[in-house]
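Okay everyone, thanks for squeezing me in. Let me put the structure up, and then I'll talk you through one chain and how it meets its partner.

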Amino acid sequence: MAGTKKLIDENGIRLDGRKWNELRPIKLQVGVMKNADGSAYIEWGKNKIMAAVYGPKEVHPKHQVLPDRALLRCRYHMAPFSVDERKNPAPSRREIEISKVIREALVSAVIVEDYPRTAIEVWVEVLQSDGGSRVAGITAASLALADAGINMRDLVVGCSCGLIGEQVVSDLDDTEDKEGNGDMPVAIMPNLGLVSLLQVDGVYTRENFQKAFELAIEKGKQIYQMQREALTTRFFGGEAQSTEVEEAAE
Amino acid sequence: MMKKNHVVESITKERMVQLLASGKRLDGRALDQPRNLNIETGVIPKANGSARVTLGNTLVLAGVKIATGIPFPDTPDKGILMVNAEILPMSSPYAEAGPPSEDAIELARVTDRGIRESEMVDMTKLGLIPGKSVIAVFVDCNIMNVDGNLFDATSYAVVSALRTAKMNRYVVKDDKAVATDELIPVPVERTPVSVTIARIGDKLVVDPNSEEEASMDMRITITTDDYGNICASQKGEASTISPEQVLQAADTSISVGKAIRAKILEATS
């Protein structure tokens, strides 16, 4: 339930000055780590997240080998200093669940059949967290997979929408996530038009559910353009440099 | 869940997909028909509330234990609710003893989310001394036999156990919370109902059994409340779903959930 703070004013402006359907600033950078086969760094609002990919590589322990495809491993982890109160570095149940849904969101995009008997590892490290860190992590991780030269059917891009009162809003930040009335992270494969991650909490009327879901897809497609530009910069734009994309005026 | 090693089930997928094309399932159910649901409450008298739920051959036992606790700093005047689930090693040849698996953690968290987000229990009525003492409600679920769709069976068990749970009424004396002998119900406001739908090929089926789970491409669990609102959802498994099928699944969850809610209310009133 909403707290005492007013998350959205009478003119429909949110605490950080955004309209209901605007994104926070997003900055993407591809190929930023030396050792990793692929990597990407994302800043999304106050989120600062690094994703790195190793592989295809030998599978250890060997009993986990899949004879017909690659094993995709994924770990989403939050640094102890990434949140207000120090977080225990051991993986929490929340992180284990998020690692699972991120893996499931990415694995349908990776052509795992091209790499039998190998492992592909995706490490997502949240250095500073704001709302929507799992979708930011997915957005960066799919760029890191592409940077590693892993065959993919499509990129995966995520965006979270939700509710403040009965108002559907895009891209919740930390305060809106905690004090708002619902959060709906969605990840899509934009060219294939498929949803690879969907989680919902909060109380949505059927109408608001559809509105938030469709808004998340629309925003995801917008972020996909930023992913494309970041990849273009990485491979055709000389030195890796950050690509800042301003949101098109609504 | 626990689909690995189901070699035989994987071989049956082809036939399953053929049958589904003509609107039929291997066990004869309609695509939107859940299995037989049986709810028995009060099975563990030492618990504050309990329910034994069978959904087909899936068997879940939920027990409620209520105690006083220290509130979380951000909600000093609200009670504590925790839902947990454990897949017992006895539940299936594929289950193992040891720390909870990823599947078990997901199951517990998704079940908890459905109960919490629907605001089933009025947490403001569980406060005792602001910032110091509140009522803590723990619901633990034992998964005893696995035959698919643990998400729904567990959720129905939790809802049934909570709806029939009794707790001591507490009074505050000298800045201390003291239990009286009077037993009162847990302040339950809503009846969240979880409906899990599997995609096998391009068809959506409600309440997949183990055999269907072994063949499913994608799973989505959607929880609705008494007013047809959607209050929690989780997509699972390695494949995807189209936006149209998400909305179709939402409508199915609302309509199927309504019938299941009536059954739960009947068994727990």
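**Chain B and its contact with chain A**

So, let's start with chain B, which has 6 helices and 12 strands. Keep in mind that what you're looking at is a predicted model.

How much of chain B counts as buried? Of its 269 residues, 48% do. If you box up the C-alpha atoms along the principal axes, you get roughly 70 × 40 × 35 Å. Now, a compact globule with 269 residues would have a radius of gyration near 18 Å, and chain B comes in at 19 Å, so the two agree. On to contacts inside the chain: take those in chain B with a separation of 6 or more, and 70% of them are between residues 24 or more positions apart.

Okay, the interface. Chain B puts 29 residues into the contact, and chain A puts in 26. Which elements of chain B give two or more residues to the side touching chain A? Those are α3 (102–117), β12 (230–236) and α6 (243–268). The largest share comes from β12(B), with 7 residues. As for the chemistry of that side of chain B, you've got 12 nonpolar, 9 polar and 8 charged residues.

Let's stay on β12(B) for a second. What does this strand pair with across the interface? With strand β9 of chain A, residues 194–204: the two run antiparallel and are joined by 4 bridges. If you want a spot to click on, go to Gln199(A), whose bridge partner in β12(B) is Gln234(B).

That's my bit, happy to take questions.

How values were computed
Residues numbered from 1 in each chain as written. Chains lettered and ligands numbered in written order. Predicted model: local features only at pLDDT ≥ 70, side-chain atom pairs only at ≥ 80, totals over all residues. Contact = placed C-beta atoms within 7 Å. Nonpolar A, V, L, I, M, F, W, Y, C, P; charged D, E, K, R; others polar. Pairing = 2+ DSSP bridges. Rg over C-alpha atoms; globule rule 2.2 N^0.38 Å. Buried ≥ 20, exposed ≤ 12 C-beta atoms within 10 Å, placed from the backbone.
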